[in-house]
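Me: Hey, can you walk me through this protein? I'd like to start with the pockets, and I don't know what counts as one.

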Amino acid sequence: MDNYRQIKEETYANGATLVAVSKTYPVESILEIYKLGQRDFGENKVQELVAKAEQMPDDIRWHQIGHLQTNKVKQLLPYVHLIHTLDSIKLAREICKQAQEADINEINCLIQVKIAEEDTKYGIPPEDVADFLEGISNLPEKSIRLCGLMGMASNTDDPEKVYKEFVYLRELYDTLKATYFQDTPYFNTLSMGMSSDYRQAISAGTTMVRIGSLIFGKRK
Ligand SMILES: *Cc1c(COP(=O)(O)O)cnc(C)c1O
């Protein structure tokens, strides 16, 4: 926890919001950071997010940062503040359907864009983002509130490569903001940067970093 204040100051000084990634850490650790004023927490598994949300104060904003399966959407929606991992029309359709059934007007989502080289990472390829936006706008229900983009850089020791991938995403974000989302003030979030690469993300112009192990200590 010792790093928390320093990281928080560093990210806020650079105009970015800090999401404390609490996956695998116990409720007691989350509460310690909560008492220091932290309100944004990220989880990658729906079950864990829901279980924690039910035990924790109501004013926490829960972020779903892990890949989201359609069969988990219904469970997640009542608790989630922002879904960082919208990566298919099928998922978007399910979010709309479940939002309507639960009578929730709008679900905040970021489009996950694939910027890393590895095949394993989820996300929409940058060249397909325009088609994806078209697909979203054609959905019959308007329950998806697109708030920005999310990306994960390649898992590499080369900080320059990571920086370039983040810059690329920042440029895509700026282009969309100036065109497609010109009249959409809430399209204002670019989620990129974690413990190992948040400094490159800050240099590249992130607006939201997702940091876990640097705050809570190494995961078991
Ligand atoms: C776990 C995770 C993080 C945080 O990782 P740390 O290395 O602990 O900072 C950020 N983003 C996503 C999508 C994650 O799954």
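Reply: Sure. A pocket is an open set of grid points with protein on both sides within 12 Å along at least five of seven lines, and lining residues have an atom within 4 Å of a point. Keep in mind that this is a predicted model.

Me: Ok, so which residues lie nearest the centre of the second largest pocket?

Reply: Those are Ala153, Ser154, Asn155, Ser196 and Asp197, out of 19 residues that line the second largest pocket. The space in there comes to about 240 Å³.

Me: Which element gives the most to that lining?

Reply: Helix α7 does, with 3 residues. Both β6 and α7 supply at least two residues each. By class, the lining of this second largest pocket divides into 7 nonpolar, 7 polar and 5 charged residues.

Me: And what volume does the largest pocket have?

Reply: About 430 Å³. It has 21 lining residues, and the closest to the centre are Lys23, Asn44, Ile65, Met152 and Met194. Two elements, β6 and β8 (208–211), give two or more residues to that lining. Its classes are 7 nonpolar, 9 polar and 5 charged.

Me: Switching topic: how many residues are in the largest nonpolar core?

Reply: There are 62, and Phe41, Ile83, Leu86, Ile95, Leu146, Leu149 and Ile215 have the most contacts inside that core. Helix α7 (residues 159–178) makes the largest share, 6 residues. Apart from this core lies another one of 6 residues, including Val19, Cys147, Met150 and Met208.

Me: What is Leu149 in contact with, not counting its neighbours within four places in sequence?

Reply: Quite a list! Among them are Leu110, Ile111, Val113, Leu169, Leu172, Tyr173 and Phe187.

Me: Now helix α5. Which of its residues are buried?

Reply: Leu91, Ala92, Glu94, Ile95, Cys96, Gln98 and Ala99. The buried residues of α5 pack against α4 (73–76), β4 (80–86), β5 (107–114), α6 (129–137) and β6 (144–152). After α5 comes Asp103, with a positive phi near 60°.

Me: How far apart are the end C-alpha atoms of α5?

Reply: They are 18 Å apart, which agrees with the 18 Å that its 13 residues should span at 1.5 Å a residue. The expected span uses one less than the number of residues.

Me: Last one: is Gln47 buried or exposed?

Reply: Exposed, because its relative accessible area is 58% and the cut-off for exposed is over 50%. Gln47 sits in helix α3 (residues 46–55). Between Gln47 and Ser22, the C-alpha to C-alpha distance is 13 Å, and they are 25 residues apart in sequence.

Notes
Residues numbered from 1 in each chain as written. Predicted model: local features only at pLDDT ≥ 70, side-chain atom pairs only at ≥ 80, totals over all residues. Heavy atoms only, no water. Core = buried A, V, L, I, M, F, W, Y, C linked by side-chain atoms within 4.5 Å. Buried < 20%, exposed > 50% of the residue type's maximum accessible area, 1.4 Å probe, protein only. Helix = DSSP H or I, 4+ residues; strand = E, 2+ residues; numbered from the N terminus. Contact = heavy atoms within 4.5 Å. 1 Å grid on protein atoms, 1.4 Å probe; cavity = no way out; pocket = protein on both sides within 12 Å on 5 of 7 lines; lining within 4 Å. Points joined across faces, edges and corners; volume = space filled by probe spheres on them. Nonpolar A, V, L, I, M, F, W, Y, C, P; charged D, E, K, R; others polar.
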